[in-house]
Amino acid sequence: MGATQFKRAELEDQEIISHYFEHHTSRSCERTFANVYLWSRQYKVKYAILHNALVFRDEGDGHTYAYPVGKPEAVKAALEELMKICEDEDCEFGLYCVTPENFSQMEEWYPGQFR
């Protein structure tokens, strides 16, 4: 498997990004295409589709990832890949935009592993 390619959101990416946000809703203001597109001009945030889950990576100080967007099994597979990427790159695994519901799901999958 080759390295995962993260890219900056462009206008032609609106359909795919919006698809994930429409089918996996969140109350977070960050979960709109307009927000993703505009802020990607200011910050080093890129996206990729991993295991059928939408993942954003902030490449500012190190790498941190937004909690993946997708069906639970896709989210879990994406989290596993992100942890592997961090292990391979010898960097700390960090997530942002983690809701209490997201954290509960992670706690079910990985009891006591995250705070």
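**Exercise 1.** In this predicted model, find the helix that holds Ser 18, then decide whether Ser 18 is buried or exposed.

*Solution.* Start with the location: Ser 18 sits in helix α1, which covers residues 14-23. Next, look at its relative accessibility, which is 15%. The cut-off for buried is under 20%, so Ser 18 counts as buried.

While you're there, try a distance too. Asp 61 is 43 residues along the chain from Ser 18, and the C-alpha atoms of the two are separated by 27 Å.

**Exercise 2.** Work out where Glu 59 lies and what its side chain makes a polar contact with.

*Solution.* First, place it: Glu 59 is in the loop between β2 and β3. Being in a loop doesn't settle burial, so check the number: at 19% relative accessibility, Glu 59 counts as buried, because the limit is under 20%. Now for partners. The Glu 59 side chain makes a polar contact with the side chain of Arg 57, at 2.7 Å. Leaving out residues up to four places away in sequence, Glu 59 touches Phe 6, Lys 44 and Lys 46.

**Exercise 3.** Check what helix α3 should span, and find which elements its buried residues pack against.

*Solution.* Helix α3 has 17 residues, 72-88. At 1.5 Å a residue it should span 24 Å, and its end C-alpha atoms are 24 Å apart, so the two agree. Then list the buried residues, among them Ala 74, Leu 79, Met 83 and Cys 86. The buried residues of α3 pack against β1, β2, β3, β4 and α4. Finally, step past the helix: α3 is followed by Asp 90, with a positive phi near 50°.

Definitions and conventions
Residues numbered from 1 in each chain as written. Predicted model: local features only at pLDDT ≥ 70, side-chain atom pairs only at ≥ 80, totals over all residues. Heavy atoms only, no water. Helix = DSSP H or I, 4+ residues; strand = E, 2+ residues; numbered from the N terminus. Expected span 1.5 Å × (residues − 1). Buried < 20%, exposed > 50% of the residue type's maximum accessible area, 1.4 Å probe, protein only. Contact = heavy atoms within 4.5 Å. Polar contact = N/O pair within 3.5 Å; in protein donor to acceptor, adjacent residues only side chain to side chain.
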